[in-house]
Amino acid sequence: MLRTERAPGAPAWIALETSDAAASAAFYGELFGWRHRRTGRGAEEAGRFTLDGLRVAGTEHRRSARRDRWTVRFRAPDPAAALEAVRANGGTADPVPAATAVTDTVVVHDPTGGRFTLGGSGGEGLETVDEPGALTRVELCSTDADVAAAFYRAVLGWEVRDSGGCGGLHRSVAAVGRAAHGGIVQLPAESRAAGARSQWQPWFAVVDCDAVLNSAVKQGASVLLPPTESAAGRLAVFADPAGAVCGVLSGEEREAPPLSPRTSP
């Protein structure tokens, strides 16, 4: 279960990298009831999504990706030490401009290619989670779940344990002393052969999984996983009209669902 307190190693923020903030705002506004407000200036300005006045996500201008994508930021109390741990455990970090403080957000790639960001105590934070229309968990679909699990244990201090889902391919993850905030799932051989790559994706709580998916499809989204029953409730995965992948989950027990490994396009 996610919390809004900024626990070390826990998800602190999510941002949609988009080439068209207005189109994204219209899509997610219709889907979840979000409102979008620009927070910068110029054509590449950043923005913020809110739900009932509370922050649920951000937007950033997409610069290099082939399609829109979601990025998860994890909190690192000591970003400099975390970056040293990233490099010591096979990960890489994008170059940081000379004028950027080490406490600012840094883009990181785990050894399997999973992309996320690390940040200190500053920056935007989620103000509501685990409620309909808000983030409920984050999931890494990985080309090598064992390697990824070892990396995040070392870098973020996560507790990683087998969840018993997906035929033994799913692991739940949690910040130390906290309930699970997400999972790592092994991409099957056929998905890897088809070109699937490691990626983090957000999951949003909803009241009616089927209705939300239908609304997404009517707006141009592509279904990657149709509505499916799980131990945690009913879930589905889609790519929005610009390609950003996320999941929706309805049900009372959303803490650690064994999610499908076939959700990466």
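The exercises below, each with a worked solution, concern a predicted model.

**Exercise 1.** Determine which strands lie at the edges of the open sheet of eight strands.

*Solution.* Begin with the strand order, which is 2-3-4-1-5-8-7-6, with mixed pairing. Next, look for strands that pair on one side only: these are strand 2 (35–38) and strand 6 (92–93). They are the edge strands. Within the sheet, strand 3 (residues 47–51) and strand 4 (residues 54–61) are joined by five bridges in the antiparallel sense. In this pair, arginine 48 stands opposite glycine 58 in strand 4. Finally, helix 2 (residues 79–88) lies across strand 6, strand 7 (106–109) and strand 8 (115–119). The helix runs at about 150 degrees to strand 8.

**Exercise 2.** Establish where the buried residues of helix 1 lie around its axis.

*Solution.* Helix 1 comprises residues 21–32. Its 12 residues reach 16 Å from the first C-alpha to the last, close to the 16 Å expected. Now apply the cut-off for burial, which is under 20% relative accessible area. Ser24, Ala25, Phe27, Tyr28, Leu31 and Phe32 of helix 1 are buried. These residues cover an arc of only 165 degrees around the axis, and therefore lie on the same side of helix 1. Ala22 and Glu30, on the other side of the helix, are exposed. Just after helix 1, glycine 33 has a positive phi of about 80 degrees.

**Exercise 3.** Identify which residues of the largest nonpolar core touch the most other members, and which helix gives the most to this core.

*Solution.* The largest nonpolar core has 56 residues. Those that touch the most other members are Tyr28, Trp34, Trp70, Leu118 and Tyr152. Helix 3 (residues 145–156) gives the most to this core, with seven residues. Leaving aside residues up to four places away in sequence, tyrosine 152 touches several residues, including Phe116, Leu140, Trp158, Ile184 and Trp200. Another core lies apart from the largest one; it has seven residues, among them Leu225, Leu235, Ala239 and Leu249.

**Exercise 4.** Describe how strand 15 is paired and decide whether it is enclosed or open to the outside.

*Solution.* First, strand 14 (residues 222–230) pairs with strand 15 in the antiparallel sense over six bridges. Leucine 225 stands opposite valine 237 in strand 15. These two strands form a hairpin with two residues between them. Second, six bridges join strand 15 to strand 16 (residues 245–250), again antiparallel. Alanine 239 has valine 245 in strand 16 as its bridge partner. This hairpin has five residues between its strands, and glycine 243 in the turn has a positive phi of about 100 degrees. Third, six of the seven residues of strand 15 (residues 233–239) are buried, so the strand is largely enclosed by the rest of the structure.

How values were computed. Residues are numbered from 1 along each chain as its sequence is written. This is a predicted model: local features need pLDDT of at least 70, side-chain atom pairs count only at pLDDT 80 or more; totals for chains, interfaces and linings use all residues. Side-chain values use heavy atoms; hydrogens and water are left out. Two strands pair if DSSP finds at least two bridges between them. Helices (H or I, at least four residues) and strands (E, at least two) are DSSP runs, numbered from the N terminus. Contact means heavy atoms within 4.5 Å. Axes are lines fitted to C-alpha atoms, for helices over the stretch in contact, and angles run from 0 to 180 degrees between N-to-C directions. The expected span of a helix is 1.5 Å times one less than its number of residues. Buried means under 20% relative accessible area, exposed over 50%, partly exposed in between (1.4 Å probe, protein chains only). The arc is that of the directions from the helix axis to the C-beta atoms. A nonpolar core is a set of buried Ala, Val, Leu, Ile, Met, Phe, Trp, Tyr and Cys residues joined through side-chain atoms within 4.5 Å.
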